[in-house]
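Here's a look at some backbone oddities and at how the side chains pack. Have the sequence and the structure open while you read.

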Amino acid sequence: MPPTAAIDSLFIDELTAATRDVFKTMVFQDLEAASPTSEDALKPGANVVGTVAFAGKTVGLVVFYSTLDAAQAITASMLGVEPASVNGELHDAIGELTNMIAGSFRTRMAHAKGETWAISVPTVTVGSDFYTKYVSDVQRVLCPFRMNKAELYVELIVTRSATQ
Amino acid sequence: MRFLIVDDSSTMRRIIINTLNKLGHQDVAEAGNGKEGLDRLSAGPVDVIITDWNMPEMSGIDFIRTVRSMPEIKDTPVLMVTTNAAKDDIVEALKAGVNSYVVKPFTPDTMKEKIEAVLAR
């Protein structure tokens with residue numbers, strides 16, 4: 001069984017397309033996508049984590065991971081300023097970025113599967129030496145991207161799917 | 001020409017302000033939610049309102065409904081910028097009094113076109 005078989009490939013394709021679209025239009029960067037993985041041991045090295053929950057027939061989370069440097073570059077590009085001048089804007093920018101990825105993913109899934117989801121407000125965590133552990137039984141797939149030299153990740157976590 | 005941007009994201013407000021500045025519009029007021037937007041409007045009318053939908057305290061929809069109920073500002077053109085893209089959402093926004101609608105994410109050209117269309121009304 002391929003590692004990403006647990007989650008419908010349509011979800012992965014639409015999340016990947018949504019992420020690339022948000023970066024192209026709002027960050028002015030073309031993302032290079034790598035193969036998604038659902039290996040349990042994989043924990044993306046990240047200092048900045050943005051999370052948006054969604055709920056409908058399918059319930060879950062969209063999670064964005066990046067390093068602090070990459071998050072500063074993303075914030076600067078969104079705001080139209082130099083990365084060195086980014087100060088307190090990072091949390092809001094990454095929250096808005098995650099919100100747009102989840103929102104675009106929701107729209108795409110509504111078109112593709114007719115599912116209507118509500119999405120939460122974004123939360124952003126900034127720090128080091130931490131990872132997120134989910135205590136309930138979930139399906140996860142991690143989608144890696146490259147923005148110039150920086151590695152970014154978007155994870156889809158499904159806690160209940162329409163087929164369950 | 002004076003604009004009011006109502007959005008709880010300072011990033012999104014900055015992105016919209018950057019677009020307005022590129023179009024030659026420098027007079028822009030900001031508010032973090034619908035309630036703050038009404039406070040700004042009580043200080044004086046604006047020519048165009050650009051608002052988000054999902055915000056704390058007072059949503060964009062409730063804000064627009066309130067604006068449309070106030071005789072002195074009820075005809076102010078309103079552009080809504082949101083991730084809510086379902087047909088039902090757009091219908092609800094139009095019924096509340098939105099004049100034009102932009103779905104996030106958007107290109108600078110799309111935002112420019114929508115702003116120009118609202119101004120041409």
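B:Glu57 sits in the loop between β3 (48-51) and α3 of chain B; helices here are DSSP runs of H or I with at least four residues, strands are runs of E with at least two, and both are numbered from the N terminus. Its phi is near 70°, a positive value in a residue other than glycine. With 65% relative accessibility, B:Glu57 counts as exposed, where exposed means over 50% relative accessible area, buried under 20% and partly exposed in between (1.4 Å probe, protein chains only).

This is a predicted model, with residues numbered from 1 along each chain as its sequence is written, and local features need pLDDT of at least 70, side-chain atom pairs pLDDT 80 or more, while totals for chains, interfaces and linings use all residues. Chains are lettered from A and ligands numbered from 1 in the order in which they are written, and side-chain values use heavy atoms, leaving out hydrogens and water.

A few other spots have a positive phi too, so here they are with their places.

| Residue | Phi | Place |
|---|---|---|
| A:Phe28 | about 60° | loop between α1 (9-27) and β1 (32-33) of chain A |
| B:Gly97 | about 120° | just after α4(B) |

A:Phe28 is not a glycine either, and at 48% relative accessibility it counts as partly exposed. Another backbone feature is the cis peptide bond from B:Lys104 to B:Pro105, with omega near 0°. B:Pro105 belongs to the loop between β5 and α5 (108-119) of chain B.

Which residues of helix α4 (residues 87-96) of chain B are buried? They are B:Asp89, B:Ala93 and B:Ala96. These cover an arc of only 60° around the axis (taken from the directions from the helix axis to the C-beta atoms), which puts them on the same side of α4(B). The face turned away from that buried side carries the exposed B:Lys87, B:Asp88 and B:Lys95. On the buried side, the packing partners are α3 (60-68), β4 (78-82) and β5 (100-103) of chain B, with contact meaning heavy atoms within 4.5 Å.

Now for the cores. A nonpolar core is a set of buried Ala, Val, Leu, Ile, Met, Phe, Trp, Tyr and Cys residues joined through side-chain atoms within 4.5 Å. The largest one has 57 residues, and A:Phe23, A:Ile74 and B:Ile50 are among those with the most contacts inside it. Helix α3 (residues 90-113) of chain A gives the most to this core, nine residues. A second, separate core of 22 residues includes B:Leu38, B:Phe63, B:Met80 and B:Ala93.
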